[in-house]
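Good morning, everyone, and thank you for making the time. I would like to walk you through a structure, slowly enough that those of you who are new to this can follow along on the screen.

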Amino acid sequence: VTRVRIALALALALACVAAGGRALTPDAEPGFRRVIHAIQDEGRLGAGARVEGVAIDPIDARLTLVPAPGAAPVVVHLAGRDEPGASTRSRWFALRIEPPGALSPALEARLAELLDEAFPEDPFASTGVASRGAPPAGRSFDRPKTLAEAVRLELAHSPGDDEYVPFGAMRLVLLALGLGLAAGVVAVVREPR
Amino acid sequence: MRPPSRPVLCAFGAGAVALALLAARATPVVADGDHARDLLFARDCVELGRCALRAAPTTLAGVWQGSLWIGLVALGRALRLSLAAQQALVVASEALAVALVAHRLARLAGVRAAAVGALALTALLLPLEDAGLFWAPSPLGLPSALAVVALVRLAETGRARFAAVAGLAAGVAAAAHPVGLLLAPALALVPVLAARRRALALALGLTAAAAPLALTTGPALVAGMRRLELVGPRGLALTAALGGALAAAVALRPHFARLSAAGRALVPSLVTIAAALAGLAWLSLGARHSVATYYAAPALPAAALALGQAGGWLLERAPLRPAHPALALAALLLVSRDARRRSTHFDARFRLDDAPVVAARVLAGGARWDDVRLAIEGPRCDAAARMLSVAAPAPAGDPNEAGPARPWILLRLPAADAGRALAAGLETRSLPGGAIAALRPLASALDRDAARACFAGGVGPEGCVPVLPDPSEHIGPERFLFERRDYPEAWVHEHGGAYRLSYEVPLRARAGAVRLDLFVPAPARCGWQVARVEGAGDPGPLPATTVVLAPGDGGRLVLAREVDPARCPDEPDDHLPPCLLESAPEDAALRALAEVAP
């Protein structure tokens with residue numbers, strides 16, 4: 001029975017990995033270039049709006065937007081359309097704005113429209129074994145074409161605020177781990193009488 | 001009160017000997033780039049209240065450091081522990097690892113085995129890394145030892161709770177440094193082989209391992225999985241390999257049960273050693289990554305346990321009894337080896353405890369926190385710049401308002417050279433440990449703030465970028481480093497094949513001739529050279545590591561490094577500009593001082 005259970009668990013794990021999720025492929029890059037062009041060169045989100053950086057991971061993309069000169073940067077998380085917690089949805093993307101409410105509903109709607117225009121086809125592909133292709137030779141998802149772009153993208157890849165915790169929380173975690181290790185030392189040293 | 005048992009006495013003895021030997025090895029912390037960056041992350045954590053869960057990127061693309069080590073250093077900083085005190089705590093944890101191994105061996109195979117194992121682990125830990133380093137791999141000893149000892153107890157007793165202990169310890173090791181992941185195969189296989197309730201033990205072990213990773217390293221793991229594309233074929237292959245290994249472990253259970261008690265106890269050590277060897281072989285041959293000695297750290301307690309069991313068995317059968325003379329001789333050899341290590345020549349690299357003395361002068365003299373590496377001149381400019389980065393206060397405003405960088409000549413010399421330094425026009429400051437810092441501000445011919453970094457060849461993008469882009473765009477603690485990410489490290493690391501990296505530095509007006517010496521480690525077939533000099537007279541034959549710039553106004557200097565992996569396969573990927581020294585051609589005294597450094 002145990003062997004059957006293990007086999008079932010393994011099969012389930014394999015199926016989960018094989019089924020995978022949906023990921024952005026290198027083909028999505030021109031679409032993001034069109035978005036940057038529309039915002040910065042055509043002024044589609046208003047005069048002076050600019051894109052500070054686009055960080056593209058296979059799972060989602062982060063677009064750092066300055067909606068007006070002197071305004072604070074806004075991070076637009078672009079995940080697959082079915083992602084929960086979105087404030088707006090375009091044809092292919094779920095948009096989550098950080099900080100929430102930093103863009104007006106009208107501006108969000110314009111951004112969603114712009115994304116629809118920039119991405120005529122679904123930029124996400126299945127990560128299943130059969131349909132998942134490797135990036136073209138010599139290219140990764142976010143490899144830039146120019147040095148300036150390389151530096152900008154590298155900066156955009158810096159950890160976001162969700163990758164930090166306050167020192168108080170870190171202290172608590174370390175205390176818990178320290179106590180856990182101490183208990184572990186006692187457990188392995190103690191012998192049954 | 002009962003007297004302590006023999007294994008407990010053994011553990012105390014082994015721990016004390018290890019503590020003495022390992023403490024004797026410790027030297028003041030050298031200002032290395034990796035742990036300078038860790039210290040800056042820790043400073044962010046304490047002073048800005050932002051503790052990064054994804055720390056520095058490792059040299060293996062797509063793998064980031066976790067934050068456990070940074071959290072520990074931050075805790076030390078918050079408690080106002082000196083670096084020496086924090087080093088002492090690391091040494092104490094290593095001694096505790098030795099004591100744990102000795103205790104288990106004494107229970108398993110007697111005092112002789114414990115002595116052999118304890119000495120083996122101490123001997124393996126001693127040369128593990130530069131004793132002056134204080135970085136993420138430093139705390140690996142204790143959790144690695146606890147993980148393997150717990151797995152040994154699991155193999156002896158079959159109790160699932162030891163899987164939980166092993167899991168927690170392995171998780172802590174992996175959260176401290178990614179090489180801790182080498183413990184994962186043993187953590188998965190030994191419960192299946194040995195536990196009475198296999199599924200429970202496996203689940204407990206993996207959950208306990210996941211907890212510290214999720215709490216301290218989650219974003220680093222997620223980012224790594226995304227970057228390495230583990231959701232997909234690679235993940236499938238890994239899962240299939242793990243599934244195959246688990247299936248093999250299930251099939252081998254009856255054979256495991258038939259082993260003697262000693263044989264069963266040996267299995268976790270052997271699995272850990274085999275996994276470490278396989279991992280390091282993949283790293284070296286598969287990923288073509290250099291393998292440092294400390295990468296083996298997670299497997300050292302396992303190796304010591306195996307050696308202890310084997311040594312105890314041999315000593316019981318050896319004609320010489322008692323075997324104490326041999327053990328004493330081994331201990332003496334260890335001590336002498338250690339003494340030899342410590343009697344090395346003068347080290348010209350700045351140490352972190354030099355920082356307060358030097359920073360008080362250099363930072364007060366006008367250097368700003370984000371000055372670039374080129375701003376420090378001298379043979380060991382890298383360590384000097386890192387030391388100053390760590391000592392500099394956190395930025396309080398726009399760094400651009402601080403004005404242009406003011407370069408300094410900065411040398412670390414033996415105290416006996418103080419007179420020569422003064423004669424060469426340098427100020428001196430006494431440093432801890434009897435050395436001196438010799439320094440002076442410099443009217444430099446190099447316009448550092450207008451320098452550009454250029455890249456050509458390889459698979460990366462080509463072109464040039466300023467080395468001083470807008471610092472307000474910089475996020476994270478690297479902004480506090482003098483040696484900043486302005487130097488486009490990210491794409492240089494992704495180079496393939498031959499490439500050329502250069503720095504173009506405009507020249508300032510010069511009243512007299514200026515001699516420029518580059519400090520390039522020998523032998524460097526692909527090292528930095530002055531490739532071109534424009535508008536500064538005849539510099540002599542080029543490329544060269546020494547040129548003389550004629551007096552004049554303007555001009556340009558190009559420092560270049562031509563890298564061809566076929567020609568210089570073992571040279572480091574040195575993408576930062578070289579250390580250099582400007583001096584008047586007749587100022588031989590200054591150059592002689594700089595050459596004191598190796």
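I will go through a helix pair, then some strands, and then a few backbone details.

Please keep in mind throughout that what you see is a predicted model.

Let us begin where two chains meet. Helix 5 of chain A, which covers residues 167-189, packs against helix 6 of chain B, residues 141-157, at an angle of about 40 degrees, and their axes are 10 Å apart. Angles under 35 degrees would count as roughly parallel and 65 to 115 as roughly perpendicular, and the two helices are therefore oblique to each other. The crossing of helix 5 of chain A with helix 6 of chain B is left-handed. On the chain A side the contact includes A:Leu181 and A:Val185, while on the chain B side B:Leu146 and B:Arg153 are among the residues they meet. Sorted by character, the residues of this contact are seven nonpolar, one polar and one charged.

Staying with helices for a moment, helix 4 of chain B has 27 residues, from 83 to 109, and at 1.5 Å a residue it should span 39 Å, which agrees with the 39 Å between its end C-alpha atoms. Directly after helix 4 of chain B comes B:Gly110, with a positive phi near 100 degrees.

Now to the strands. In chain B there is an open sheet of three strands, in the order 11-9-13, with antiparallel pairing. Strand 11 (546-549) and strand 13 (579-583) of chain B each have a single partner strand, so one side of each is left without a neighbour in the sheet. Strand 9 of chain B, residues 514-519, is joined to strand 13 of chain B by five bridges, and B:Leu518 stands opposite B:Leu580.

Elsewhere in chain B, strand 4 (residues 427-430) and strand 5 (residues 435-441) form an antiparallel pair over four bridges. These two strands make a hairpin with four residues between them, and B:Gly433 in the turn has a positive phi of about 90 degrees.

Finally, some backbone details. Most residues other than glycine have a negative phi, and most peptide bonds are trans. Against that background, B:Arg80 has a positive phi, near 60 degrees, and sits in the loop between helix 3 and helix 4 of chain B. The peptide bond from A:Glu98 to A:Pro99 is cis, with omega near 0 degrees, and the bond from B:Leu542 to B:Pro543 is cis too, with omega near -5 degrees.

Methods
Residues are numbered from 1 along each chain as its sequence is written. Chains are lettered from A and ligands numbered from 1 in the order in which they are written. This is a predicted model: local features need pLDDT of at least 70, side-chain atom pairs count only at pLDDT 80 or more; totals for chains, interfaces and linings use all residues. Side-chain values use heavy atoms; hydrogens and water are left out. Two strands pair if DSSP finds at least two bridges between them. Axes are lines fitted to C-alpha atoms, for helices over the stretch in contact, and angles run from 0 to 180 degrees between N-to-C directions. Angles under 35 degrees count as roughly parallel, over 145 as roughly antiparallel, 65 to 115 as roughly perpendicular and the rest as oblique. A crossing is left-handed if the near helix is turned anticlockwise from the far one by less than a right angle, and right-handed if clockwise. Contact means heavy atoms within 4.5 Å. Ala, Val, Leu, Ile, Met, Phe, Trp, Tyr, Cys and Pro count as nonpolar, Asp, Glu, Lys and Arg as charged, and the others, Gly among them, as polar. The expected span of a helix is 1.5 Å times one less than its number of residues.
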